[in-house]
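I'm opening a fresh page for this one. My plan is to look things up one at a time and jot down what I find.

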Amino acid sequence: PPGFVESSCRSRIFWMKLNKLFLQEKFFQLEIYDPYAGPILLDEKLASRCGYVLSEDVWGNPVFRASVLGCHVANEADELFTLTVNIKVSSFSSMRAAVTYTYPMYCSYHSWASREIMCEENYMEVSVKTDVPAVSNDYTVAWMSALPETQNVAYQQWQLMFVSPSGRKRVTVSDAVKLGYSFNNTLSRVYLRAPYHSNESDIGVVSGVNMNMVTSTSMYRQRWLLLLIDTTVSCPVDGISFTDTTLTWTMPRVIPTLVVQESTFLTKNIVMGVDDQVIVNPEEKNYFLKHNDTHIRITIPIGAQEGKLKSSVSGGLYGVTYSIDLFLEHTWTDAGWQTTKYTVIKSITTPFMPQMPTVINNTVPEERLFNVAFGHFLPDVSLVAIAIGNVPFTPREAQYHGFKVYETLFSNRTKGFILEVSFDDPYVLKEYVNRNETKYTLLVNYTLSVGPEMTLYYHSAEVECVIPDIELPEALGYCDEENLYLTLPTFGLHQYWELYLGNTLLNRHVALTNGYLAATNSTHLILQIPLFAVGVIYEEVSFQKIKARFDVALRKVRTMETLQMFSVSCSFNSSEFIICQPDGTVMISAQMKTVPAIDMSKTKLRDSSCKPREYNEAHAFFKFHVTTCGTSVRFEGDHIIYENEISYETLPGQSIPTITRDPDYRLTVLCYYQAKETLVLGAFVSDPVTPPPFGSGTMGPRSNTAAYRRVRQALNVVSRVSKDESFMEFYEPSMVILKQSVEPVFLEVELKDESPNVELYLENCWVTRSLDFSSTPRWNITVDGCEINGSEYAA
């Protein structure tokens with residue numbers, strides 16, 4: 001078919017190429033047509049012996065090459081050569097029903113050199129003119145060593161003498177064929193074709209390059225003529241080196257086994273080519289052909305157009321190899337051989353070069369669309385599947401879902417795959433970060449088909465984009481006569497952030513427990529906080545006036561980071577209240593309803609030095625710390641209770657205070673604190689991260705009418721501190737006593753009164769850490785007559 005076969009004649013080589021497009025999903029064979037024996041199937045053994053090569057070029061097209069001195073080539077006067085090839089094509093591996101295409105090739109070659117050497121992929125060939133002088137007395141030591149053997153050469157019979165490290169071996173032509181050699185002569189030439197690495201060959205190093213050498217002498221005796229022909233051949237087997245960007249082919253310029261007298265050696269011409277084409281100006285293609293006294297070097301940039309990059313997978317890694325088919329033709333002269341044309345054909349493939357694909361994030365945040373490029377790949381790579389958020393899609397399914405998947409070409413002849421995914425796609429991960437930003441994460445897993453082998457390659461990528469697309473809520477606060485109100489939008493609550501009261505999540509249960517009222521509508525949360533509810537902060541408290549504040553924190557759901565503090569602050573008028581502050585400060589506005597009315601300026605706490613800060617006819621305002629003014633402490637369940645009393649100093653008409661069994665009037669003041677929460681006292685350890693708790697307070701009279709007044713009775717009470725438990729020796733009165741926290745204190749209180757209606761009841765005793773009698777903090781030893789274990793305060 002037209003375009004199926006291309007052929008050329010390069011130097012003395014038949015060159016035929018088959019178009020792989022015509023052979024897709026088909027099988028083919030080559031037959032060499034012999035005019036006498038008919039078609040002969042080309043196989044590997046026949047190819048190396050007869051001067052044929054069947055391979056592929058870097059593009060995958062079958063290539064057939066043949067020497068004009070091949071076994072079945074018709075030769076006319078060593079100038080015109082003909083070879084006919086049958087190309088059999090079948091759809092079956094058994095080659096049944098094959099179609100045969102007969103293709104004759106012609107090659108004209110006149111410029112034979114005295115010696116021509118061909119280094120092909122699978123054979124070495126040397127041919128020499130037979131008019132070379134039979135024997136020369138100079139420079140022929142190796143040849144002369146064969147002379148004794150020539151006495152046994154039969155009349156008009158060719159023989160071969162091989163010289164190798166194991167010794168000399170003389171064989172007939174028919175025996176040489178059995179060893180894989182091909183020896184023959186034409187009208188004017190004798191040639192020897194040898195396989196690489198035969199038993200008669202040897203490996204030698206010439207200028208750092210390994211050379212495969214077959215040293216041989218061809219002998220022919222006819223009557224009075226003894227013809228000895230040097231048919232030694234040597235070809236390079238390595239000399240290839242690589243960098244990340246170039247490959248270099250190095251060969252020795254002078255091969256000693258081929259040049260008898262090196263001093264007469266002269267290079268006449270060096271050309272290079274790719275496939276069957278000579279590169280006239282290599283520098284224009286960034287090829288470099290250089291030589292010096294010892295070496296010839298060809299340097300090719302990896303990726304040059306005459307070669308081919310091929311994708312592959314090795315060890316789970318993606319990479320490429322680069323292949324190119326080169327030839328080099330070196331023509332030289334020397335005294336022994338006049339002209340030698342030395343041709344080497346080399347198919348070069350680099351080792352696997354890993355190339356990590358890159359994921360390029362071209363996302364424009366304002367478009368809310370991921371745009372991800374994945375590359376760079378050669379054209380032999382295709383996208384098989386893509387997984388978004390671990391959900392696999394074929395490219396067609398991805399398009400149907402709403403993703404955009406398409407190829408793009410890059411400037412260096414590579415390609416990539418573009419993926420576009422909306423931020424709002426359900427397979428995109430979304431995370432609230434920072435104060436007002438969302439982090440969108442696209443998890444992608446690519447599955448690629450690589451190279452002609454269609455090896456699967458997997459690559460995962462994670463692409464992130466953070467954009468400020470969340471608005472923090474703004475709260476509004478207001479008050480009425482008895483409550484504080486806080487209202488804020490419900491958008492984002494529980495999804496992005498939560499409300500916290502201190503370190504406690506402000507949920508419905510906490511709100512109900514603290515007496516708050518929480519209500520929501522379609523857009524907002526409204527929180528009602530009573531003035532004296534838990535959590536209210538009293539910024540200023542004075543006589544009949546309170547400035548109160550309520551704070552809640554807006555915190556991120558996962559990290560607990562505080563983003564915003566919402567506060568509502570108002571001033572209230574109140575005639576009667578008790579406020580127990582977190583730091584132990586107690587503020588009381590007490591209304592004293594007595595008959596007869598009392599002078600509020602003369603009210604006091606248990607410690608008579610603790611007077612009201614402000615007062616009028618009906619109210620008294622006290623402010624004191626729970627560690628002062630005679631305040632007692634006790635534990636009930638999970639509460640700490642601090643207790644004090646407001647009392648009137650003297651009855652109306654009495655000016656001399658006396659100790660009595662019961663005062664005329666008492667108003668009991670109680671402050672309740674959670675025992676598990678830590679009050680900010682010097683004797684306690686507080687957690688600075690957790691805001692201290694507010695206490696709750698109550699006031700209640702013990703005796704609130706004059707009808708129950710008793711007759712006052714003076715009592716004689718003496719108290720002393722013993723130096724030890726024997727209570728034999730006591731400290732002097734009014735003496736300051738310093739004790740360590742673990743030392744016991746021995747107290748004695750004695751009632752010196754003989755009245756049968758009087759009994760002693762020890763209410764409160766305490767110690768302080770300084771010489772000041774009224775200093776704080778202080779630690780109770782007894783409260784309401786009960787001993788307090790000091791270890792409870794050691795925390």
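In which strand does His376 lie? I looked it up: His376 sits in β31, which covers residues 369-377. Before going on, I note that this is a predicted model.

**Entry: around His376**

I checked the peptide bond between Gly375 and His376, and it is cis, with omega at about 0°. Both Gly375 and His376 turn up again in the contact list of Lys415, so I went there next.

**Entry: Lys415**

Is Lys415 buried or exposed? I found it buried, since its relative accessible area is 9% and the cut-off for buried is under 20%. Lys415 belongs to strand β35. I then asked which side chain makes a polar contact with the side chain of Lys415. That partner is Glu407, at 3.2 Å. I also found a polar atom of the Lys415 side chain 2.5 Å from the backbone oxygen of Val381. Setting aside neighbours within four places in sequence, I listed the contacts of Lys415, among them Phe377, Leu378, Pro379, Ser382, Thr408, Leu409 and Phe410.

**Entry: aromatic rings**

How many aromatic pairs does the structure hold? My lookup gave 30. I picked out Phe423 and Tyr440: their ring centres are 4.7 Å apart and their planes meet at 15°, so I call this pair stacked, the cut-off being under 30 degrees. Phe423 is in the loop between β35 (415-422) and β36 (429-433), while Tyr440 is in strand β37 (residues 437-450), so the pair ties together parts that lie 17 residues apart in sequence. I noted Phe423 as buried, and Tyr440 as well.

Next I took Tyr516 and Phe550. Their ring centres are 5.4 Å apart with the planes at 80°, so this pair is edge-to-face. Tyr516 lies in the loop between α6 (508-513) and β43 (517-520), and Phe550 in strand β46 (residues 545-556), so here the parts tied together are 34 residues apart in sequence. I looked up burial too: Tyr516 is buried at 3% relative accessible area, and Phe550 is buried at 0%.

Which residues form one aromatic cluster? I wrote down Tyr318, Phe374, Phe377, Phe417, Tyr446 and Tyr457. Phe377 was already on my page as a contact of Lys415.

**Entry: charges over rings**

I looked for charged groups over ring faces. Arg96 lies over the face of Phe92, 3.6 Å from the ring centre. I also found the charged end of Arg193 over the ring of Tyr123, at 5.9 Å from its centre.

**Entry: positive phi**

I went looking for positive phi in residues other than glycine. Gln338 has phi near 60°. Gln338 is in strand β28 (residues 338-349), and I count Gln338 as exposed because its relative accessibility is 58% and the cut-off is over 50%. Arg368 has phi near 50°. Where does Arg368 lie? I placed it in the loop between β30 (358-361) and β31. Arg368 is partly exposed, with a relative accessible area of 25%.

**Entry: Thr782**

I found Thr782 in strand β60 (residues 778-783). Thr782 counts as buried, at 11% relative accessibility. I also looked up its distance to Arg634: the two are 148 residues apart in sequence but 9.6 Å apart in space, C-alpha to C-alpha.

**Entry: the whole chain**

I stepped back for totals. The protein chain has 6 helices and 61 strands. Of its 795 residues, 45% count as buried. I noted an accessible surface of about 41000 Å², with 51% of it belonging to carbon and sulfur atoms. Among contacts with a separation of 6 or more, 61% are between residues 24 or more positions apart.

**Entry: confidence**

Last, I checked the pLDDT. The protein chain averages 85, and 84% of the residues score at least 70. Where does pLDDT stay under 50? One stretch is residues 132-155, for which the model has 34 contacts beyond four places in sequence. Another is residues 678-693, with 38 such contacts. A reminder to myself: where pLDDT is low, the predicted coordinates should not be read in detail.

Methods:
Residues numbered from 1 in each chain as written. Heavy atoms only, no water. Phe/Tyr/Trp six-rings, centres within 6.5 Å; stacked < 30°, edge-to-face > 60°. Helix = DSSP H or I, 4+ residues; strand = E, 2+ residues; numbered from the N terminus. Buried < 20%, exposed > 50% of the residue type's maximum accessible area, 1.4 Å probe, protein only. Lys NZ or Arg CZ within 6 Å of the ring centre and 35° of its normal. Contact = heavy atoms within 4.5 Å. Areas by Shrake-Rupley, 256 points an atom, 1.4 Å probe, with all protein chains shown as cover. Polar contact = N/O pair within 3.5 Å; in protein donor to acceptor, adjacent residues only side chain to side chain. pLDDT = per-residue confidence, 0-100.
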